[in-house]
Amino acid sequence: MPEYSVEQLLDHVNSSYSKPGNERVRKIAERMICHIYSVIVDFNVSHAELWSLFTWINDLGTAKQAGLLGAGIGLEQLLDILADEADKQAHRAKGTPRAIEGPLYIPNAPLSKHEARLDDGSEKGEPLVMEGTVRDTQGKPVPHAIVDVWHAGQGGGYSFFDPSLQEFNYRRRIETDEKGHYLSHSLLPPGYAVPPGSPTQQLLDVLGRHGNRPAHIHFMISGKNHVPLTTQVNIPGDEYLNDDFAFATRDALVVELHKITDPKKIAQYRQNGPFTYIEFDFTLQVADKELPTNRQAAPEQE
Ligand code: MBD
Ligand code: FE
């Protein structure tokens, strides 16, 4: 075995392949390995520190929090900024601003036509009615668009991840009607907090950061011949509105809340009493063909 200098070891590690493998992955891995070497050298990282890193990475994986950490260091927001930039370069008409998917999406939520109740009735809270129209950038309504919506329960957790919620609670898909209209009934969600003591929160703690997201509702909207839109709306008045741990709130996505007390409106929306009302229209970019929603199912977490 030769004696390597740091540079020789790095070169050797990055050139020690005998099959083509996947060239893109190899190039990305080479660059990342190079950066890790620099950090270890520049910060004089000790054996103990390296082993505590490995333990933490293993714990992060066991907790299935890679996606949560990714949101917390802005990786998803980065991709949205790059997508916005690409739209600008290509002079594409902008739709509703994108916002990150986050690690808590579950595909194949129950599907209803035009209208759905998102909550299963097991929790009490502020009743929320939200409705609007899905249109395209030319202003044309998008009939039969799929509005896939998900949000937190009253404890701030999401079904599938928070064992106190039944599966698909606060998760539905609504197909818009002929006029592109959707209507949902649910409970106003609170904000989200990274689980205390979890690997992601351990890192945030040593960075002096919190793990809170302001109250929000997620949407993934797809329509025939339209670019799928992943976004969120934010509830105004939340203390973390401008201090989101995932850096994902956008001014144009902060909705107005209307408190409805008029008995006629209460009857019209088939509520039992006063409720909070949000009207929000979504604008999709036009595509030349039907595109699949390009998101992966999020893995389950602890
Ligand atoms: C969430 O609810 C969320 O939306 C993100 C991005 C990260 C953690 C929890
Ligand atoms: Fe969320």
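**Exercise 1. The surface**

How much area does the chain expose, and what share of it do carbon and sulfur atoms supply?

*Solution.* Keep in mind that this is a predicted model. Start with the total: the chain exposes about 17100 Å². Then take the share: carbon and sulfur atoms supply 56% of that area.

**Exercise 2. The chain as a whole**

Describe the chain by its elements, its box, its buried share and its contacts.

*Solution.* Step one: count the elements. The chain has 7 helices and 13 strands. Step two: take the box. Along the principal axes, the C-alpha atoms fill roughly 85 × 45 × 30 Å. Step three: look inside. Of the 302 residues, 42% are buried. Step four: turn to contacts between residues at least 6 apart in sequence. Among these, 73% join residues at least 24 apart. Step five: place the charges. There are 29 positive and 41 negative charges, and their mean positions lie 7 Å apart.

**Exercise 3. The iron site**

Find the protein donors of the iron ion (ligand 2) and work out which parts of the chain Tyr158 and His218 tie together.

*Solution.* First, name the donor atoms. They are OH of Tyr158, NE2 of His216 and NE2 of His218, lying 2.0 Å from the iron ion. Next, write their spacing in sequence: Y-x57-H-x1-H. Now place two of them. Tyrosine 158 is in the loop between β4 (146–151) and β5 (171–175), and histidine 218 is in strand β9 (residues 216–222), so the pair ties together parts 60 residues apart in sequence. Last, check exposure. Buried means under 20% relative accessible area. Tyrosine 158 has 3% relative accessibility, so it counts as buried. Histidine 218 has a relative accessible area of 4%, so it is buried.

**Exercise 4. A helix check**

Test whether the span of helix α3 agrees with its 16 residues.

*Solution.* Helix α3 covers residues 47–62. The rule is 1.5 Å times one less than the number of residues. That gives an expected span of 22 Å. The end C-alpha atoms are 23 Å apart, so the two values agree. Now look past the helix. Lysine 64 follows α3 and has a positive phi, near 55 degrees.

**Exercise 5. One histidine**

Where is histidine 91, and is histidine 91 buried or exposed?

*Solution.* Locate the residue first. Histidine 91 sits in the loop between α5 (75–89) and β1 (111–113). Then apply the cut-off: exposed means over 50%. At 73% relative accessibility, histidine 91 is therefore exposed. Finish with a distance. Histidine 91 and isoleucine 40 are 51 residues apart along the chain, and their C-alpha atoms are separated by 43 Å.

Conventions: Residues numbered from 1 in each chain as written. Chains lettered and ligands numbered in written order. Predicted model: local features only at pLDDT ≥ 70, side-chain atom pairs only at ≥ 80, totals over all residues. Heavy atoms only, no water. Donors = N, O, S within 2.8 Å, 3.2 Å for Na, K, Ca; no water. Helix = DSSP H or I, 4+ residues; strand = E, 2+ residues; numbered from the N terminus. Buried < 20%, exposed > 50% of the residue type's maximum accessible area, 1.4 Å probe, protein only. Contact = heavy atoms within 4.5 Å. Areas by Shrake-Rupley, 256 points an atom, 1.4 Å probe, with all protein chains shown as cover. Lys, Arg positive; Asp, Glu negative; His and termini not counted. Charge placed at Lys NZ, Arg CZ, Asp CG, Glu CD.
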